[in-house]
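Q: Please take a close look at one part of this structure, and then place further elements beside it. What packs against what, and how are the elements arranged?

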Amino acid sequence: MSFPQQPCWPSYDDLTPGQAGLCDTSCHQSACKSILAMRAASSDFRECDRQIHMYWVFCKSILLGARKTVEQLAVKLDMMWVALLILSGLARAAIPNAMLRGMQSLPKLSVPERSIILPNGTVLPSITTVYYFDQLIDHNDPGLGTFQQRYWMNWEFYEPGGPIILMTPGEVNADGYEGYTTNDTINGLIAQQQNGAAILIEHRFFGYSNPYDNLTSQSLALLTIQQAIDDLVYFATTADLPMPGGDAVKPNQAPWILIGGSYSGALTSWTMVNKPGIFWAGYASSAVVEAITDYYAYFTPIRENMSQNCSSDVQAVIAYLDGMFAANDTAGIQTLKETFGLGDLVHVDDFASALQYNLFDWQSLQPDVGPGAMFFEFCDALEVKDGVSAGPQGWGLDNAIYSWGNFWNTTYYNYVCGYEDAETCLGTYNPSQSYWTNVTVDNPNRSWFWIVCNQVGWYQAGPPEGQPAIVSRIHQPIYDERDCVNMFPDAFAYPPQPTVAETNTMYAGWNVNTPRLFFANGLRDPWREATVSADGLNKPNTASMPIFESDGFHCSDLITENGVVDLTVAAVQVAALNYMHDWLAEWKPNA
């Protein structure tokens, strides 16, 4: 292809948030960005629009795993190499994507490449600049030495005396989360209001911040909540930051604010409980402070807030499956599996787990997400016939089985598994698969499993009898505990029980009572029941430890844009800014 001098879209930065978001969350990111930023083959804007539409269908086809459509469009666009690159990437990613099952994560922002020039003319480094800190391998044995912990920093709003705002994105490779140092997030809004600097630091054993060059059980023995807490404290108290004056902003010289969301929100609370006096203030969004082994309540906010007709039909199918399981109707279960295109899936608990995946898509929703989101496509597939939506009771069992199965066959299987067969993709009974045995670094699933298996649980299982069920009761915590043995046979000879009681005792859990710690939660967050806004907890909202709840989803309040489209999220953000202003006014340096 040849390209004119003037692009249709000058750069990836000029895409709308929705367009950029498709790349960031759905396609092979770098290839998709290249596609969307390419120059059209003609200066005729009608031709330009045609080319862009083809690129867009190309990207959407990648999202849905439509191999033929991708290959046909790639030929038209002279981009078969891109298609093959992305399709091979999907195949490699099929197993990990299928196994994640509701893993906590922060909303991810696009990271704009932009120059920041201070009023005095100083050009700041790009926010994507990586810095390295010599972190202790083991805080209980400093003699073991240090490892390189990555961090990113933005001091565009900083003035001497302002706060240092620290965040870890938690259980992910932190590269790509640099947006959390900008005022596109609550971190940057606080920095802007208070003349502060914002830092993003990678969690140990995630991304490329690893004490050792592998993720074996022996290495991961140093992946604990306490070591992660000590990392944050050691960084705050010893790091010389790369900005001017960055060697004189230790916690006794400048106020530090610790921010986190989801697991890292819990880590914020746990750190302020365990190491009081280091961080002057904290902000914990969707913070899962209470470790819970049997976390069936994950699905409660989903059931309560999804459309009633969709919930009714999902419950009908789940009750039908559980009834056949109770009656040992293996033939009926096999017929149901085949309806979903999962007849080759050997074990019924793997099938029950697979049906959860449609519900896990709820976690990716945010206030600015439109009807094209996968969760809404799923419910529309069940509830809309010939342009007519079902009433609150849904269309009934027969239609629900057919429609849900058809959705898996036409759309969802490729979305989850790509071109893997069902047993390879969704089965959990072959511990020789590379998903279980891969010990190379930058494998967030493996690192996260280690924390889950040992200390926090949060196994998303079916509810107790007598409660409404949108997921099967076949799936119980033992299913996930067995995965711990698959992943770490050297550490676990039999399914382990995570030490949740010890975790909650050490770090206070729901009993947290720490001054200047702001909690922000979302009514529609599936992790709400592990936060201080859990139903029935009735934890008081105080001036010392405020607890605010929006109508948002998971960590919605962290993102500035969500406050623009949802006034309840905006109210939480404004309240947080007011509290931070007042708390920082009280801070004084000490010797």
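A: The buried residues of helix 20 pack against strand 7 (292–294), helix 13 (348–354), helix 17 (422–426), helix 18 (434–437), helix 19 (444–456) and strand 10 (457–459) (contact: heavy atoms within 4.5 Å; buried: under 20% relative accessible area with a 1.4 Å probe, protein chains only; helices, H or I of at least four residues, and strands, E of at least two, are DSSP runs numbered from the N terminus). The model is predicted, so local features need pLDDT of at least 70 and side-chain atom pairs count only at pLDDT 80 or more, while totals for chains, interfaces and linings use all residues. Residues are numbered from 1 along each chain as its sequence is written, and side-chain values use heavy atoms, with hydrogens and water left out.

Because 10 of the 11 residues of helix 20 (477–487) are buried, this helix is largely enclosed by the rest of the structure. Among the buried residues are Asp480, Glu481, Arg482 and Asp483, as well as Tyr479, Val485 and Met487.

Elsewhere, an open sheet of eight strands with mixed pairing follows the order 1-2-4-3-5-6-11-12 (two strands pair if DSSP finds at least two bridges between them). Strand 1 (131–136) and strand 12 (547–550) stand at its edges, each with a single partner strand, so one side of each lacks a neighbour in the sheet. Within the sheet, strand 5 (256–261) and strand 6 (281–285) run parallel and are joined by five bridges; Leu258 stands opposite Gly282 in strand 6. Helix 9 packs on the sheet, touching strand 5, strand 6 and strand 11 (517–522). In helix 9, Tyr263, Leu267, Trp270, Thr271 and Asn274 meet residues of helix 8, including Ile225, Ile229 and Leu232.

How values were computed: Buried means under 20% relative accessible area, exposed over 50%, partly exposed in between (1.4 Å probe, protein chains only). Axes are lines fitted to C-alpha atoms, for helices over the stretch in contact, and angles run from 0 to 180 degrees between N-to-C directions.
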